[in-house]
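Open the model in your viewer and keep the selection tool at hand. The tour goes stop by stop.

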Amino acid sequence: MIHFHDLLPAKHSLLQGSTTYATDFKQIILPELQNMDTKGEQIDYCIALNESRQNHNAGRKHIMEVHFNYDWEILVKSKFLDGVDGVIAHSRATETYLKNLDLPGLRVYFIPMSIDLSVLPTSPATRLNRWIYLGNLNNASKRANEEIFHQEFPNAVDTLSYGQFNNDVPIRPHEECMNIASQYTYGAGVGRSLLELLGMGLKCMVVGKKYGGPVRNDTDLLAHLEQNCNSFYYSSSTGNVNNDYAQLVSGGVITKSLIDMNTRKSDYVAVINDILSV
């Protein structure tokens, strides 16, 4: 039997990728796992955010998903991973770090981030010839890189941060944010925000704490997915924003199934089966 624990602190009630991921996971992946025959084994499965953790139940195996890139050395010293049998990482950087810790009994898995495409609005017949930055501009480096787009494309960039459109009020729910973003031709962001933009057919650049370049085709997308579309770890840029934009305009079509959570079900089932085999 799978026992699922959703560790969502109150501060994650805002529109963050970890929150929308947990929503999609419970809708698509969790039913698949709970229908598995675990051969009488009891498995605790949790989605961990920041320093939140689940108390481990004796006699059960424990699988944790991690959605952050914090100082792992501090978390390891605080015994954050004690009693955990398996960790699912959504970036190769996190996977590599955890494997290099060589903690006894800990298995580390990589599964690319994905989204529920079925909840996204349909593409409009015509789009605004503008940029939309989708994501949470919650630190100076993100704001600085978002400002690059205002400089490169003056009077052609709007923002949706924490559900606020161009810093106005009120805070909009996720569905309304998607409806707004779907009207644009070009998008910028990182992580799940970027996948949502791509899922709605926008031509996108990766922009977060660093500038990560364009997603021109499936090759770019697969490379960015290896690092959870995090511009801190990978860039597809030519070194010039205008050159990147020109290549983006003439780029190929993104295969949306690459980011569809439904195509990842077997990956999660494989993790459970591997943990059961120990």
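Which residue forms a salt bridge with arginine 60? Select aspartate 44: the closest N and O atoms of this pair are 2.9 Å apart. Bear in mind that the model is predicted. Arginine 60 sits in the loop between strand S2 (43–48) and strand S3 (61–66), while aspartate 44 belongs to strand S2, so the salt bridge ties together parts 16 residues apart in sequence. Color the two by accessibility. Aspartate 44 is buried, at 1% relative accessibility, whereas arginine 60 is partly exposed at 29%.

Now show the whole protein as a cartoon. The protein has 9 helices and 11 strands. Of its 278 residues, 50% are buried. Turn on the surface: about 12,600 Å² is exposed, and carbon and sulfur atoms supply 49% of that area. Among contacts between residues at least 6 apart in sequence, 62% join residues at least 24 apart.

Hide the surface and select strand S9 (residues 184–189). How many of the residues of S9 are buried? The count is 6 of 6. Add strand S6 (residues 128–134), which runs parallel to S9 and is joined to it by 4 bridges. Then add strand S10 (residues 203–207), also parallel to S9 and joined to it by 4 bridges. Tyrosine 186 in S9 is a good residue to center on. Its bridge partner in S6 is tryptophan 131, and in S10 tyrosine 186 stands opposite lysine 203. To get from S9 to S10, follow the chain through helix H6 (residues 191–199); this β-α-β crossover is right-handed.

Stay with S6 and select arginine 130. Arginine 130 forms a salt bridge with aspartate 158, with the closest N and O atoms 3.0 Å apart. This pair links distant parts of the chain, since arginine 130 is in strand S6 and aspartate 158 in strand S7 (residues 157–161), 28 residues apart. Aspartate 158 is buried at 8% relative accessible area, and arginine 130 is partly exposed at 23%.

Next, select arginine 172 and glutamate 176. They form a salt bridge in which the closest N and O atoms are 3.3 Å apart. Here the arginine 172 side is buried, at 14%, while glutamate 176 is partly exposed at 35%.

For the last stop, select Arg92, Glu95, Lys99 and Glu226 together. Salt bridges that share partners join these residues into one network. In total, the structure holds 11 salt bridges.

How values were computed. Residues numbered from 1 in each chain as written. Predicted model: local features only at pLDDT ≥ 70, side-chain atom pairs only at ≥ 80, totals over all residues. Heavy atoms only, no water. Helix = DSSP H or I, 4+ residues; strand = E, 2+ residues; numbered from the N terminus. Buried < 20%, exposed > 50% of the residue type's maximum accessible area, 1.4 Å probe, protein only. Contact = heavy atoms within 4.5 Å. Areas by Shrake-Rupley, 256 points an atom, 1.4 Å probe, with all protein chains shown as cover. Pairing = 2+ DSSP bridges. Right-handed = clockwise from strand over helix to strand, strands pointing away. Salt bridge = Lys/Arg side-chain N within 4 Å of Asp/Glu carboxyl O.
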